[in-house]
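Student: Take me through one helix of this model in close detail, please, along with whatever packs around that helix. I'd like one connected story, not a list.

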Amino acid sequence: MTIIRRDPDAPHCPPIERERELIHVDCASHTYPDGSVGIHDMCFFVQKNEIVALCGPNGSGKSTLIEHLNGLLIPSKGEIWVNGRSILSGERTDLWKEVGVVFQRSDDQLFAPTVLDDVMFGPLNMGMPADEAKAAAMEALGAVGAADLVHKLPNYLSGGQKRLVSIAGILAMKPKVIALDEPTSDLDPVHSEMIERLILNLKTMHGISVVIATHDLDLAARVADRICLVRNGSVFAEGEPQEIFYDSDLITEAGLKIPDTVQTYLDYCKTWGVAPELRPVRRDDLIAALLGVPR
Ligand SMILES: Nc1ncnc2c1ncn2[C@@H]1O[C@H](COP(=O)(O)OP(=O)(O)OP(=O)(O)O)[C@@H](O)[C@H]1O
Ligand SMILES: [Mg+2]
């Protein structure tokens, strides 16, 4: 896969691939009531069994795009297809079963009297009997490392705890795609690592595709199969982490900074006068590259 560049002045989305794609966003635009442009001619897709990272500066449109994926926002122009069905077709009442969204602000997500009620809400709403819904909720809380919060009041949780409970609430429903907006912001390093492992497990163990919007480019480099660079409301370049993060002009153009792992390798190569051929993006690959161990 090479880097795909999109010209914002001549937007052109590839045709939908129904066999492989779970989500297809075709030149979608959204303008908020106050006239702010949230997304503009956005082209984006999510395939089966992949992790996609949306990376871009503040205000570039990542959250706005994510809020379109489960029908919370509707594009003012363009089309969005989820599992082959248009979200504009009027049949989108059950979209939340297919695409789960964990919002950037957890306060937007939690509303039930206790954590258990909150995490059980989705499974109950999907028609699961109460005992199964409770088991699904407990399993999801365990997976995010928040089983001890089960009887707490969501209002009194810390920011990080609210985020964990929000993720559990979506996980308990096992949708086909989970979109996580800034999944590790507010989290301590232990819980961040837990969420990182969970993101990988969603794909490898549960076959769930994951979209993350993140400012943590090292996290994106470690977990994502594909990086989409977002600027001014649209994806302007996309590709594998090894390609995107080793294109320093592109990263500068995106208004971002090269991930630490990549920068360390580039500094090492510069210091020793060697070509940066191996392109490690994860720490273990970096160590292997520095030691000259074949991978
Ligand atoms: N509810 C809203 N009403 C008006 N404008 C909004 C609203 N939400 C977002 N915007 C605007 O839409 C644009 C895209 O915002 P969005 O929140 O999608 O960016 P983002 O990439 O998620 O940024 P961040 O990295 O800061 O989370 C911004 O200009 C923002 O000010
Ligand atoms: Mg955002």
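Tutor: Let's start just past the end of α4: this helix is followed by Gly 145, and the phi of Gly 145 is positive, near 75 degrees. Keep in mind that this is a predicted model.

Now step back into the helix itself. α4 covers residues 130–143, which is 14 residues. From the first C-alpha to the last, α4 reaches 20 Å, close to the 20 Å expected at 1.5 Å a residue. Which residues of α4 are buried? They are Ala 133, Ala 136, Ala 137, Ala 140, Leu 141 and Ala 143. These residues cover an arc of only 160 degrees around the axis, so they sit on the same side of α4. The background to that is simple: an α-helix has 3.6 residues a turn, so residues three or four places apart point the same way.

And what covers that side? The cover over the buried residues of α4 includes α3 (115–125), α5 (159–171) and α6 (189–204).

Two of those covering helices deserve a look as a pair. Packed helices are described by the angle between their axes and the distance between the axes. For α3 and α5, the axes come within 7 Å and cross at roughly 30 degrees. Angles under 35 degrees count as roughly parallel, and therefore α3 is roughly parallel to α5. On the α3 side, the contact is made by Val 115, Asp 118, Val 119, Phe 121 and Gly 122; on the α5 side, by Val 165, Ala 168 and Gly 169.

One of those names is worth a pause: Asp 118, which is found in α3. Is Asp 118 buried or exposed? Asp 118 counts as buried because it has 23 C-beta neighbours inside 10 Å, and the cut-off for buried is 20 or more. If you leave aside neighbours within four places in sequence, Asp 118 is in contact with Leu 110, Phe 111, Ala 112, Pro 154, Val 165 and Gly 169. Val 165 and Gly 169 are names you've just met on the α5 side of the helix pair.

To tie this back to where we began, compare Asp 118 with Leu 141, one of the buried residues of α4. Asp 118 and Leu 141 are 23 residues apart in sequence and, C-alpha to C-alpha, 11 Å apart in space.

Notes. Residues numbered from 1 in each chain as written. Chains lettered and ligands numbered in written order. Predicted model: local features only at pLDDT ≥ 70, side-chain atom pairs only at ≥ 80, totals over all residues. Helix = DSSP H or I, 4+ residues; strand = E, 2+ residues; numbered from the N terminus. Expected span 1.5 Å × (residues − 1). Buried ≥ 20, exposed ≤ 12 C-beta atoms within 10 Å, placed from the backbone. Arc of directions from axis to C-beta. Contact = placed C-beta atoms within 7 Å. Axes fitted to C-alpha atoms, helices over the stretch in contact; angles between N-to-C directions. Parallel < 35°, antiparallel > 145°, perpendicular 65-115°, else oblique.
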